[in-house]
Number of protein chains: 2
Amino acid sequence: MADATHFGDRLDAAIREKKSVAVVGIDPTLAMLPPELARRAEEGQHGLYAALSDFCLGIVTAVSDLVPAVKPNIAFFEAFGMHGLSVYKSVCLTAADLGLVVIGDVKRGDIGSTAAAYAQGLLDAPKVHLRDLSNQSPERFQDLVGVLLGPHDALTLNPYMGSDSVQPFIDRGKPAGKGFFILVKTSNPSSKELQDLPLASGRTVAEHVAGLVSGWGADDIGDSGLSSVGAVVGATHPDELARYRELMPAAPFLVPGYGAQGGSAAGVVPAFHQDGTGAVVNASRSILQAWKNDGGGDDWQGAARRAAIAMNGDLREALSTAGKWGL
Amino acid sequence: MADATHFGDRLDAAIREKKSVAVVGIDPTLAMLPPELARRAEEGQHGLYAALSDFCLGIVTAVSDLVPAVKPNIAFFEAFGMHGLSVYKSVCLTAADLGLVVIGDVKRGDIGSTAAAYAQGLLDAPKVHLRDLSNQSPERFQDLVGVLLGPHDALTLNPYMGSDSVQPFIDRGKPAGKGFFILVKTSNPSSKELQDLPLASGRTVAEHVAGLVSGWGADDIGDSGLSSVGAVVGATHPDELARYRELMPAAPFLVPGYGAQGGSAAGVVPAFHQDGTGAVVNASRSILQAWKNDGGGDDWQGAARRAAIAMNGDLREALSTAGKWGL
């Protein structure tokens, strides 16, 4: 069953197929809508959700042949309430249909019984081909699409509550080939307030979490050498990336903070294995609102494409310069 | 404006009015449904959501005159997908309408711009009286009820990403009288893997977080002496509660882990101020499925009431024995 392929192997294959290590974050706000969609969003509730949906699906489609994965952050959809979450589901369905790896940026974390409930809601949505849905009865359509959030190939998780809060996701997700990116060192300025604290052991809190992550993923490493349990390590901490890579040799890295948050392509190089795989770098705002510096909105999809191509080139160049490009 | 009253003062007033420090966690699973509702849940999708809704609203109504607050955990609704989240909203609306303090157990945490999006989705739902809705047009109904999740009086938040991830919630919530409970020391066994680690400073990670929480709430302390920024400290760590109370003197404590998770009434006493206020103790499973040991399900609402009354008595006795009952 294609879906049950090991997550690390699927991510690795998608990176090699697209010859890209970029992930596009789908984090929409009203201020990002190009003029035509912004007008529509002002035409009452229906217009708002139609514009939000058109924008997100338009971006996903525009970049679908250029990058291995997309990462919708559920917060930006929850901000628009329950209909916003329906748009989130459409984004996941469409991205999966286009063959993209779907990383649900949900940052969940709770005690065991609650983590199991989250895992049910976020990991059990069926993956279907949209073309198979057009001739179905409404009942069968509902069965096929489901009401659960997703489909997701991977989720982001918060480690503050320890292994209880992560294991239920792994237990439910592993047989289905799902992956997880655990927050280790995040890209925001105040990540230092907790994550950088020195422990009595000599390690920092984030380094200790890196050890936990490595352990959680140790018995599920795919043929690619990548585990199904990965780590979020921000691009805004280039000096530390090599250290985290050392602590989590098999973990796929999800690296946020490139672009709008200030991280550079050269700075993310230490996250990668010697052959240029093992990590993906996320950009959201710089792709979604590329039209603001490129054409003014008449061709917002083209602008997003060009920004994704530029990001691919930027990362390729940085990796090549470091002798790490092998795609 | 009643809604903008300081959260600490509202919680304190609700505790004094009900003469109770108990919170009922609304964490439904199919296995908790009494036989009649379990049968209905098997009659296809509509039956499932009707049964889930009847159960949750029935529990909220049954305990509404006995406790100051309810705490629906969104995971258990997300487990049933988007329609499950509609039931979550019904629970919040009904509880608010019955005058209960609504603590949304959502455990959110993300970087600043994302935290602001979550805050919009979770804090902006309007609080309305359900009786005012019955004669409204569909459009006006929609305006009044909104599509956002909630209404919430307070939210639980995860501190792993530092103040960036908490401040946007406080900024948006403070003018509206909202409160926050930050995870400090959670009730699950593996909380020790991260939260109990000794820092080079001599404190543990959770003690350091307690210091952050105290700082985040320092400039928003109400007339009751309680801050709008509180802490989650588990009942499963009675020896540590006094230490956390010392570190966060003004924080309202939300204490999970009583009952099904093993925490005792005597064990939670150190969470309280000398007059028996300043903290609330949550129980979920022991109230929701009280019918299993009391009547077998014909009177599941009565069983929940009796379990809540017993819990109130249990906590009152433990606080009285310690000379801390002042309600």
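Is T156(A) buried or exposed? I looked this up first. T156(A) is buried, at a relative accessible area of 1%. The cut-offs I used: buried is under 20% relative accessible area, exposed is over 50%, and partly exposed is in between, with a 1.4 Å probe and protein chains only.

**Ground rules**

I am working on a predicted model, where local features need pLDDT of at least 70, side-chain atom pairs count only at pLDDT 80 or more, and totals for chains, interfaces and linings use all residues. Residues are numbered from 1 along each chain as its sequence is written, chains are lettered from A and ligands numbered from 1 in the order in which they are written, and side-chain values use heavy atoms, with hydrogens and water left out.

**Entry: around T156(A)**

I placed T156(A) in strand 4 of chain A. Helices (H or I, at least four residues) and strands (E, at least two) are DSSP runs, numbered from the N terminus. Next I listed contacts, meaning heavy atoms within 4.5 Å. Leaving out residues up to four places away in sequence, T156(A) touches several residues, including G104(A), D105(A), K107(A), F181(A) and V232(A). A polar atom of the T156(A) side chain lies 3.0 Å from the backbone nitrogen of K107(A).

I then moved to G104(A), in strand 3 (residues 101-108) of chain A. G104(A) is buried, with a relative accessible area of 0%. Its C-alpha atom is 6.5 Å from that of T156(A), though the two are 52 residues apart along the chain. The contacts of G104(A), with the same sequence exclusion, include P72(A), Y88(A), H152(A) and L155(A).

**Entry: strand 5 of chain A**

How many of the residues of strand 5 of chain A are buried? Seven of the seven are, over residues 179-185, so the strand is largely enclosed by the rest of the structure.

I checked its pairing on both strands listed. Two strands pair if DSSP finds at least two bridges between them. Strand 4 (residues 154-157) of chain A runs parallel to strand 5 of chain A, with four bridges. L155(A) has F180(A) as its bridge partner in strand 5 of chain A. Between these strands the chain passes through helix 8 (residues 167-173) of chain A, and this β-α-β crossover is right-handed. Right-handed here means a clockwise path from the first strand over the helix to the second, with the strands pointing away from the viewer.

Strand 6 (residues 229-233) of chain A also runs parallel to strand 5 of chain A, joined by five bridges. There, V233(A) stands opposite K185(A).

**Entry: salt bridges**

I counted 32 salt bridges over all chains. The rule is a side-chain nitrogen of Lys or Arg within 4 Å of a carboxyl oxygen of Asp or Glu.

One of them joins the side chains of K71(A) and D105(A), at 2.6 Å, N to O. K71(A) is in strand 2 (residues 69-72) of chain A and D105(A) in strand 3 of chain A, so the pair ties together parts 34 residues apart in sequence. Both K71(A) and D105(A) are buried. I followed the links outward: K71(A), D105(A), K107(A) and D110(B) form a network of salt bridges.

A local case sits in chain B. D12(B) and R16(B) form a salt bridge with closest N and O atoms 2.8 Å apart. They are four residues apart in helix 1 (residues 7-18) of chain B, about one helical turn. D12(B) counts as buried at 8% relative accessibility, whereas R16(B) is partly exposed at 35%.

**Entry: between chain B and chain A**

I found 64 residues of chain B in contact with 64 residues of chain A. The buried area is about 5100 Å², with 59% from carbon and sulfur atoms. Buried area is the accessible area (1.4 Å probe) that two parts lose on being put together, summed over both. E78(B), M82(B) and Y160(B) supply 16% of the area that chain B buries against chain A, more than any other three residues.

Four salt bridges cross this interface. D110(B) meets K107(A) at 2.9 Å, N to O. D110(A) meets K107(B) at 2.8 Å, N to O. D110(A) lies in the loop between strand 3 and helix 6 (112-123) of chain A and K107(B) in strand 3 of chain B, so the pair joins two chains. D110(A) counts as buried at 2% relative accessibility, and K107(B) at 9%.

How values were computed: Polar contact = N/O pair within 3.5 Å; in protein donor to acceptor, adjacent residues only side chain to side chain.
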